[in-house]
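Colleague: Hi, could you pull up the model so we can go through it together?
Modeller: Sure, here it comes.

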Amino acid sequence: MSKPDTTALTVRALRAVGVEVPMTYALGTSRATIARAPLLLVDLDTEEGVTGRAYLFCYLPAAAPAIATMLDEVLAVTRGERVAPVDLWAKLAKRFALIGVQGIVRMAMAAFDVACWDALAQAAGLPLARLVGAQPTRIPAYNSCGLGLMPTDKLAGEAEKLMAGGFKAVKLRLGYATLREDLAALAAVRSHVPDGTHIMVDYNQALSVAEALARGRALDQEGIYWLEEPIRHDDYAGAGRLARELSVPIQIGENFSEPHSMAAALAAGACDYVMPDLERIGGVTGWQRAAGLAAAHRIEMSSHLFPEVSAHLLAATPTRHWLEWVDWAAAIVEEPLRVEDGYAVVPERPGNGLVWNQKAVEKYRM
């Protein structure tokens with residue numbers, strides 16, 4: 001079979017399958033406890049026989065069929081069109097202008113965009129990293145699989161397990177009822193990881209600005225690597241105050257809705273670091289625009305979830321920082337992303353590396 005012409009891929013069909021994958025470590029946050037990861041697997045079939053793939057983290061199982069329905073509308077708008085992700089994003093944004101490119105609409109568009117870029121990379125015979133202008137490389141990764149809200153004795157044991165694979169950084173969720181409990185949790189983790197391990201702290205929007213200042217001042221003395229989303233995600237004025245008054249770097253960005261939200265946050269001085277999320281920033285197309293913003297502001301940019309695809313994109317991000325590593329999709333892909341000595345290894349195979357393990361997909365199908 002001759003290699004498809006990468007300038008001539010044509011949208012033919014979109015398929016979506018929902019799965020619920022058991023998580024290695026239940027994740028307790030200040031918002032909810034999650035023990036199973038509801039994922040929506042998306043396949044983009046082209047007339048030329050190339051299939052692009054993406055997946056979404058749906059947060060709630062009930063969201064998966066709603067997003068799948070929205071993908072039907074995405075297909076209705078794009079069927080027969082040339083696979084040109086930037087142009088297709090603009091066309092879809094125009095179609096959904098009245099309902100708004102938010103929530104499940106944006107998630108469906110992002111999955112479609114990621115799958116388009118995957119199809120183009122496969123057709124070109126290139127890893128996605130190369131298609132977007134970078135060499136596949138090793139990206140520093142932190143283990144974000146566990147360390148949710150739980151008793152300190154359980155935190156200690158879990159912290160030790162999360163260092164397997166050579167990780168040199170982990171994320172700890174905080175947001176207990178009191179600062180004293182937060183500090184006890186941090187101490188429990190620190191006492192069971194090697195000296196020099198970076199500990200990122202995530203409050204998942206649990207605090208008021210005043211409480212974030214109080215707890216942040218205490219955490220300033222604890223040597224944590226960053227303080228993530230301590231307050232409501234869109235309170236850029238409040239986050240800016242935290243960034244000015246605290247020594248610990250403020251990390252936000254997983255809730256940026258398209259790059260214009262990130263631009264507003266940066267204009268407000270709301271953070272020291274950013275960490276966009278593929279399904280919210282706008283897929284690969286949105287990520288590239290966000291990476292340009294980060295470079296222009298000279299601010300370090302990490303990823304949120306989706307490590308398989310995010311690793312490729314971080315390779316091409318001028319101010320790349322950390323990859324957030326979770327193993328939630330490892331059970332349903334043929335070749336999970338490898339981590340060696342604390343670094344994610346961007347694969348050399350064509351595309352973004354996602355190929356479904358069909359037996360596992362059927363096992364975990366919703």
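**Cysteines, sheet and loops**

Modeller: To start with the cysteines, the disulfide count is zero, a disulfide being a pair of cysteine sulfur atoms within 2.5 Å. Before we go on, this is a predicted model, where local features need pLDDT of at least 70, side-chain atom pairs count only at pLDDT 80 or more, and totals for chains, interfaces and linings use all residues. Residues are numbered from 1 along each chain as its sequence is written, and side-chain values use heavy atoms, with hydrogens and water left out.

Colleague: Which cysteine sulfur is nearest to that of cysteine 116?
Modeller: That of cysteine 58, which is 19 Å away, and cysteine 116 is in no disulfide.

Colleague: And is cysteine 116 buried or exposed?
Modeller: Cysteine 116 is buried, at 0% relative accessibility. Buried means under 20% relative accessible area, exposed over 50%, and partly exposed in between, using a 1.4 Å probe and protein chains only.

Colleague: Why is there no bond for cysteine 145?
Modeller: Because the closest cysteine sulfur, in cysteine 58, is 18 Å from the sulfur of cysteine 145, too far for a bond. Cysteine 145 is buried too, with a relative accessible area of 2%.

Colleague: Okay, new topic. In what order do the strands of the open sheet come?
Modeller: The order is E1-E2-E3, three strands with antiparallel pairing. Strands here are DSSP runs (E, at least two residues), as helices are (H or I, at least four), numbered from the N terminus. Two strands pair if DSSP finds at least two bridges between them.

Colleague: Which ones are at the edges?
Modeller: Strand E1 (11-28) and strand E3 (51-57), each pairing on one side only.

Colleague: How many bridges link E2 and E3?
Modeller: Seven, in the antiparallel sense, with E2 covering residues 33-46. As for who faces whom, leucine 44 stands opposite glycine 52 in E3.

Colleague: Now the backbone. What is phi of arginine 298?
Modeller: Near 55°, a positive value in a residue other than glycine. For background, most residues other than glycine have a negative phi.

Colleague: Where is arginine 298?
Modeller: In the loop between helix H11 (283-297) and helix H12 (307-315). Arginine 298 counts as exposed, at 78% relative accessibility.

Colleague: And what about aspartate 341?
Modeller: Aspartate 341 also has a positive phi, near 55°. Its loop runs between strand E11 (338-340) and strand E12 (343-345). With a relative accessible area of 47%, aspartate 341 is partly exposed.
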